[in-house]
Amino acid sequence: MSEKAHVLFDIRDIMAMLAHRYPFLLVDRVIDYKKGVSLTSIKNVTINEPFFAGHFPDVPTMPGVLILEAMAQSCGVLTAQETGIKPNSGVIFYLAGIDNARFKRVVVPGDQITFNVAIDKVKRNLWRFRATAAVDGDLACEANLICVFKEPPGPASAEASP
């Protein structure tokens, strides 16, 4: 009998840490967290995902950019734990860069992706991470991600000239 991973943060906890919502919330659960170091999260991939209708209908495949986005959201959860910054603070944690991204295996409905993200460097509001995504222990994607805290852009002024 296999032992189930311990759930540290469930979907409600994650929603309290990230501003993302359906259909763009791509992290289901956090199963490991080492303060100041790393976090492990999972996503259960189902045929009900809205992107499968068009990518690709006859061979449903999770888009690589969404795997990278889910990795970035995992980084966001890690950063929320490190800083205590919440979505209602008015500050947004943006994905600012992707380096050395490599895709090693396709992700399909029925897969469970495990994301491992580790803090590489922090300089003021700029964070760099090493991130991987794996399915059943097989590497699906790896990348170095750069994220930054920023105030969201303000509304366009009604007084602005054309």
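Which residue in β2 is the bridge partner of Y33? The answer is L39, and that pair is a handy way into this structure, which is a predicted model. Here you'll meet an open sheet of 6 strands, a helix, α2, that packs on the sheet, and a pocket with about 370 Å³ of space. A few backbone oddities come at the end.

**The sheet as a whole**

- Reading across the open sheet, the 6 strands come in the order β1-β2-β4-β5-β6-β3, and the pairing is antiparallel.
- In general, strands of a sheet pair through backbone hydrogen bonds, and they can do that either parallel or antiparallel.
- Which strands sit at the edges? They are β1 (29-34) and β3, and each of them pairs on one side only.
- The sheet isn't flat: from one strand to the next, the twist averages 20°.

**Strand by strand**

- Start with β1 and β2, which run antiparallel and are joined by 5 bridges. The Y33 and L39 pair from the opening question belongs here.
- β1 and β2 make a hairpin with 3 residues between them, and G36 in that turn has a positive phi of about 75°.
- Strands β4 (residues 112-123) and β5 (residues 126-135) also run antiparallel, with 10 bridges joining them. If you want a pair to look for, I113 stands opposite V135 in β5.
- Then there are β5 and β6, antiparallel once again and joined by 10 bridges. In this pairing, F129 has L145 of β6 as its bridge partner.
- β5 and β6 form a hairpin too, with 2 residues between the strands.
- How many bridges join β3 to β6? There are 9, and the two strands run antiparallel. Look for F93 here, which stands opposite F149 in β6.

**The helix on the sheet**

- Helix α2 packs on the sheet and touches β1, β2 (38-44), β3, β4, β5 and β6.
- The direction of α2 makes about 55° with that of β6.

**The largest pocket**

- About 370 Å³ of space lies in the largest pocket.
- Its lining has 21 residues, and the closest to the centre are L18, A19, H20, I92 and F93. You've already met F93, the residue opposite F149.
- Three elements give two or more residues each to the lining: α2 (64-83), β3 (92-103) and β6 (138-150).
- Which element gives the most to the lining? That's α2, with 7 residues, and this is the helix that packs on the sheet.
- Sorted by class, the lining has 14 nonpolar, 5 polar and 2 charged residues.

**Backbone oddities: cis peptide bonds**

- As background, most peptide bonds are trans, and most residues other than glycine have a negative phi. Keep both habits in mind for the bullets below.
- Y22 and P23 are joined by a cis peptide bond, with omega at about 5°.
- Y22 lies in the loop between α1 and β1, and P23 is found in the loop between α1 (11-17) and β1.
- Is Y22 buried or exposed? It counts as exposed because its relative accessibility is 66%, and the cut-off for exposed is over 50%.
- The peptide bond from H55 to F56 is cis as well, with omega near -15°. You'll find F56 in the loop between β2 and α2.
- For a sense of distance, the C-alpha atoms of Y22 and G54 are separated by 18 Å, and these residues are 32 apart along the chain.

**Backbone oddities: positive phi**

- N100 has a phi near 55°, a positive value in a residue other than glycine.
- Where is N100? This residue is in strand β3, and it is exposed, with a relative accessible area of 53%.
- D136 isn't a glycine either, yet it has a positive phi of about 50°.
- D136 sits in the loop between β5 and β6, in the hairpin of those two strands.
- D136 also counts as exposed, because its relative accessible area is 71%.

Technical notes: Residues numbered from 1 in each chain as written. Predicted model: local features only at pLDDT ≥ 70, side-chain atom pairs only at ≥ 80, totals over all residues. Heavy atoms only, no water. 1 Å grid on protein atoms, 1.4 Å probe; cavity = no way out; pocket = protein on both sides within 12 Å on 5 of 7 lines; lining within 4 Å. Points joined across faces, edges and corners; volume = space filled by probe spheres on them. Helix = DSSP H or I, 4+ residues; strand = E, 2+ residues; numbered from the N terminus. Nonpolar A, V, L, I, M, F, W, Y, C, P; charged D, E, K, R; others polar. Pairing = 2+ DSSP bridges. Axes fitted to C-alpha atoms, helices over the stretch in contact; angles between N-to-C directions. Contact = heavy atoms within 4.5 Å. Buried < 20%, exposed > 50% of the residue type's maximum accessible area, 1.4 Å probe, protein only.
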